[in-house]
Amino acid sequence: MKIALVTDAWHPQINGVVRALSETAAQAQRMGHEVLVVNSLGQRTVPCPTYREIRLTLRPYASIKRSLGDFQPDAVHIATEGPLGLAARFYCKRRRWDFTTSFHTRFPEYLAARAPVPLGLSYAFLRWFHGGAAHTMVSNPALAEDLRARGITRLALWSRGVDTTLFRPLPEAERHAILDLPRPVYAYFGRVAVEKNVEDFLRLQLPGSKVVIGDGPQAAELQSRYPDVHWLGMRQGEDLARHLAATDVMVFPSRTDTLGLVILEANACGVPVAAYPVVGPLATVRNGINGILDADLRTAALAALELSRESCRERAMVYDWAGCTREFLGNLVPARGRH
């Protein structure tokens, strides 16, 4: 197939949405499909307010019309609800093309954390946006149930994978050499922003050491308020995987993530996870196997120390990017199939 993937989130951004889309596109190409990723690179953009890493495309309809018109895709997937996603939706509707969408991020909750915008208003927009699709792909059944309750229907499952070659356990001595800190080492890994609820982790009274792997708009403020935490900054590739594998527990304080790829990456390194029992962690954490879910995050973090690192690794091994991509491909619809 010729597949057009439209996304406002793309490299050089570093987040779970970009990782999922880029891995899926790469896997689809290996399977013989031709994939066009329509994104903001090379176009006139402005930074998204409060989230400057995301660039919002100016005059997105012209870009969509040119890209999709020249490519003539067999299937169109709109991954994000930003300017490019909106323009692609309008273009497909105008041409009477069918398309699919996906739900990656709880933007209503993210927006409400920054501005007094009612959740009902934001979800009304999302119901309209995704209501035009043949179906909307979601990462797990718990998220699907939550979205149905909010009036977003015609949902299809598209799971996520993890690179278990990159993210892997390390010998004990090597782990201690990479992070030469008082043990146990508890880590937060991800974007340092208000919607990630990082401060719930930072204020925990825990034995040993706490580290933060990542960066974001709240990093400078929180670093000044919590100087006893070890701030390791942004890490990528092998360097990231080794530092993650060197920790003892990954604490995942977010209440708004739709999945949390970082949970799978920590588990692949043999690291158990402590999290709240909310939609994202509920999708991948089996309580007492690869993590602990508890309304008391400190209780979860302490209990996670007792879990088997081998069991965490075994749990991560079932999440394969090739299998996830086959799910994605199976969910696509012919752009001009019904018309």
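**Exercise 1. Pairing within the sheet**

Task: In this predicted model, determine in which sense strand β1 (residues 2–6) and strand β5 (residues 75–78) pair, and over how many bridges.

Solution: Begin with the two strands themselves, which pair in the parallel sense over 4 bridges. Next, take one residue of the pairing and look for its counterpart: the bridge partner of valine 6 is isoleucine 78, which belongs to β5. Then place this pair in its wider setting, an open sheet formed by 6 strands in the order β2-β1-β5-β6-β7-β8, with parallel pairing. At the edges stand β2 (34–38) and β8 (155–157), each of which has a single partner strand, so one side of each is left without a neighbour in the sheet. Finally, the twist from one strand to the next averages 25°.

**Exercise 2. Helices lying across the strands**

Task: Find which strands helix α2 (residues 60–71) lies across, and which strands helix α6 (residues 141–149) lies across.

Solution: Taking α2 to start with, one finds that this helix lies across β1 and β2, and that it runs at about 170° to β2. Turning to α6, one finds that this helix lies across β7 (136–138) and β8, with a direction at about 175° to β8.

**Exercise 3. The lining of the cavity**

Task: Establish how much space lies in the largest cavity, which residues line it, and how these residues divide into nonpolar, polar and charged.

Solution: The structure holds 1 cavity of 30 Å³ or more, and about 40 Å³ of space lies in the largest cavity. Its lining is made up of Ile3, Leu5, Thr24, Ala25, Ala28, Val35 and Phe328. Assigning these residues to elements shows that β1 and α1 (16–30) are the elements that give two or more residues to the lining, and that α1 gives the most, with 3 residues. Sorted by character, the lining residues comprise 6 nonpolar and 1 polar, with no charged residue among them.

**Exercise 4. A salt bridge within a helix**

Task: For glutamate 172 and arginine 175, whose side chains meet in a salt bridge, state the N to O distance and explain how the two residues are placed along helix α7 (residues 172–178).

Solution: As a starting principle, side chains of opposite charge can pair when their charged atoms come close. In the salt bridge between glutamate 172 and arginine 175, the distance from N to O is 2.9 Å. Because the two residues are 3 residues apart in helix α7, about one helical turn separates glutamate 172 from arginine 175. This pair is one of the 18 salt bridges that the structure holds.

Note on methods:
Residues numbered from 1 in each chain as written. Predicted model: local features only at pLDDT ≥ 70, side-chain atom pairs only at ≥ 80, totals over all residues. Heavy atoms only, no water. Pairing = 2+ DSSP bridges. Axes fitted to C-alpha atoms, helices over the stretch in contact; angles between N-to-C directions. Contact = heavy atoms within 4.5 Å. 1 Å grid on protein atoms, 1.4 Å probe; cavity = no way out; pocket = protein on both sides within 12 Å on 5 of 7 lines; lining within 4 Å. Points joined across faces, edges and corners; volume = space filled by probe spheres on them. Nonpolar A, V, L, I, M, F, W, Y, C, P; charged D, E, K, R; others polar. Salt bridge = Lys/Arg side-chain N within 4 Å of Asp/Glu carboxyl O.
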